[in-house]
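Colleague: Got a minute to go through this one with me? I'd like to talk about how the helices pack and what sits in the core.

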Amino acid sequence: LRESVLDLRARWEARVDFPEDVPDGNLAEDVAGLDGAIGRLEALLESSRSRRPLREGWRVALVGPANTGKSSLFNALLRRERALVSPHPGTTRDVLEEAVQVGGYPLVFLDVAGVRAPADPVEAMGVARGLEAARGADGALLVYDLSRGWGGEEEAVLRALGAEPLLALANKADLPPAEVPRPGALAVSAVTGEGLGELVGRLGAWVESQAPPPGADLLATDRQAACVAGALLGCRRARESLLAGGTEELALQGLQAAQASLESLFTGGSQEDLYDRIFSSFCIGK
C-alpha cells in the first residue's frame with residue numbers, strides 16, 4: 001500500500017514540478033490507481049474490526065424467560081459459583097460478565113435478567129438492560145425450561161432479541177420433560193452437565209467461523225487502525241478532487257496525507273524517498 005501510494009504521488013509531483021520533462025497524465029489510469037489503493041485500505045480496515053473480539057473476547061449472552069436456569073448454566077460453564085442462584089424469579093438484575101477460553105479463543109458469557117413482566121421498577125430496569133446487552137452481544141443463547149416447554153414467553157424473548165440466537169438451549173434436561181426439545185434446540189442440564197460438552201464444541205466452531213483466517217492482514221491496535229483510516233480518507237479526497245476537475249496539485253494534498261498516515265505505521269520513510277522515486281522513474285533535466 002505504501003509503495004502504491006508513493007508511486008502515484010511521485011508521478012503527480014513529477015508532472016507538477018517538471019512539466020517540461022514529464023508527459024501529461026491519464027485521468028482514468030490515475031483514478032484506477034486510487035481505486036486500487038482505496039479498495040485495499042477499505043478491506044484492511046474492515047478486517048481490523050475482528051481485532052476487538054480477539055483482544056477482548058466474543059460476547060455471548062444467556063437470555064430467556066425468568067427461572068429457566070440461566071444463572072445455573074452460567075455457573076456451570078464457568079465451573080464456579082459466579083452468579084447468585086435462587087428458585088425465586090427476578091434474582092438476577094444486573095448483567096454479569098465472565099471470560100473463559102473456548103478453543104483457544106477468549107469468550108465472554110453474559111448472564112442477564114430473566115424476561116418477564118417485572119414486579120417493580122428496579123427489576124424492569126434490569127430486564128431492559130439485560131435485553132439491551134443481549135442485542136449488543138456478538139451472539140445469544142436462548143435458554144428455556146424443557147420441563148415447562150416452549151411457549152409464549154419464549155416467543156416474546158425471541159421477538160425482543162430482534163435476531164436469531166446462536167442456539168436455543170432446552171435446559172433442565174434432568175427433569176421430566178413437558179415435550180420433546182424444540183427443533184434445533186440442544187438439551188442441556190446445569191445440574192448433571194448433560195449437553196455442556198456439545199455446547200462448548202458448538203461455540204468453539206462458531207468462534208472459529210468468526211475469527212480471521214491464519215495469515216490474514218490484521219491491524220493489532222487502535223493506533224494502526226487510525227493510521228489506515230487516515231490513509232483511506234486521504235486517497236478518497238484525492239480521488240474526489242480529480243473527478244471534480246481539480247488539478248493534480250490540488251489532488252496531491254490528499255495523497256500527501258495518505259502517505260503520511262501510512263509512514264506513521266512503519267515509523268520510517270521521508271521526503272527523500274519521494275524524490276528518489278521521482279528521479280529514478282523519470283529523465284528529469286536531461
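**Helix pairs and core**

Modeller: Sure, and keep in mind that this is a predicted model. Helix α1 (residues 2-17) packs against helix α2 (residues 27-47) with the axes 10 Å apart and an angle of about 150°.

Colleague: So are α1 and α2 roughly parallel or antiparallel?

Modeller: The angle between them is about 150°. Anything over 145 degrees counts as roughly antiparallel, so the term for α1 relative to α2 is roughly antiparallel.

Colleague: Which residues of α2 make the contact with α1?

Modeller: From α1, the contact uses Ser4, Val5, Leu8, Arg11, Trp12 and Arg15. Together with their partners they divide into five nonpolar, two polar and four charged. Those α2 partners are Asp30, Gly33, Leu34, Ala37 and Arg40.

Colleague: What is the angle between α8 and α9?

Modeller: Helix α8 (residues 222-243) and helix α9 (residues 248-266) have axes that come within 8 Å. Their crossing is left-handed, and they are roughly antiparallel to each other. The angle is roughly 165°.

Colleague: How many nonpolar residues are in the contact of α8 with α9?

Modeller: On the α8 side, the residues include Cys227, Val228 and Ala231, while α9 offers Leu250, Ala251 and Leu255, among others. The contact also has seven polar and three charged residues. The nonpolar count is 12.

Colleague: Which element gives the largest share of the largest nonpolar core?

Modeller: That core has 25 residues, and Leu141 and Leu199 are among those with the most contacts inside it. Elements giving two or more residues include β1 (58-63), β4 (139-145) and α7 (196-210). The largest share, five residues, comes from α7.

Technical notes: Residues are numbered from 1 along each chain as its sequence is written. This is a predicted model: local features need pLDDT of at least 70, side-chain atom pairs count only at pLDDT 80 or more; totals for chains, interfaces and linings use all residues. Side-chain values use heavy atoms; hydrogens and water are left out. Axes are lines fitted to C-alpha atoms, for helices over the stretch in contact, and angles run from 0 to 180 degrees between N-to-C directions. Helices (H or I, at least four residues) and strands (E, at least two) are DSSP runs, numbered from the N terminus. Angles under 35 degrees count as roughly parallel, over 145 as roughly antiparallel, 65 to 115 as roughly perpendicular and the rest as oblique. Contact means heavy atoms within 4.5 Å. Ala, Val, Leu, Ile, Met, Phe, Trp, Tyr, Cys and Pro count as nonpolar, Asp, Glu, Lys and Arg as charged, and the others, Gly among them, as polar. A nonpolar core is a set of buried Ala, Val, Leu, Ile, Met, Phe, Trp, Tyr and Cys residues joined through side-chain atoms within 4.5 Å. Buried means under 20% relative accessible area, exposed over 50%, partly exposed in between (1.4 Å probe, protein chains only). A crossing is left-handed if the near helix is turned anticlockwise from the far one by less than a right angle, and right-handed if clockwise.
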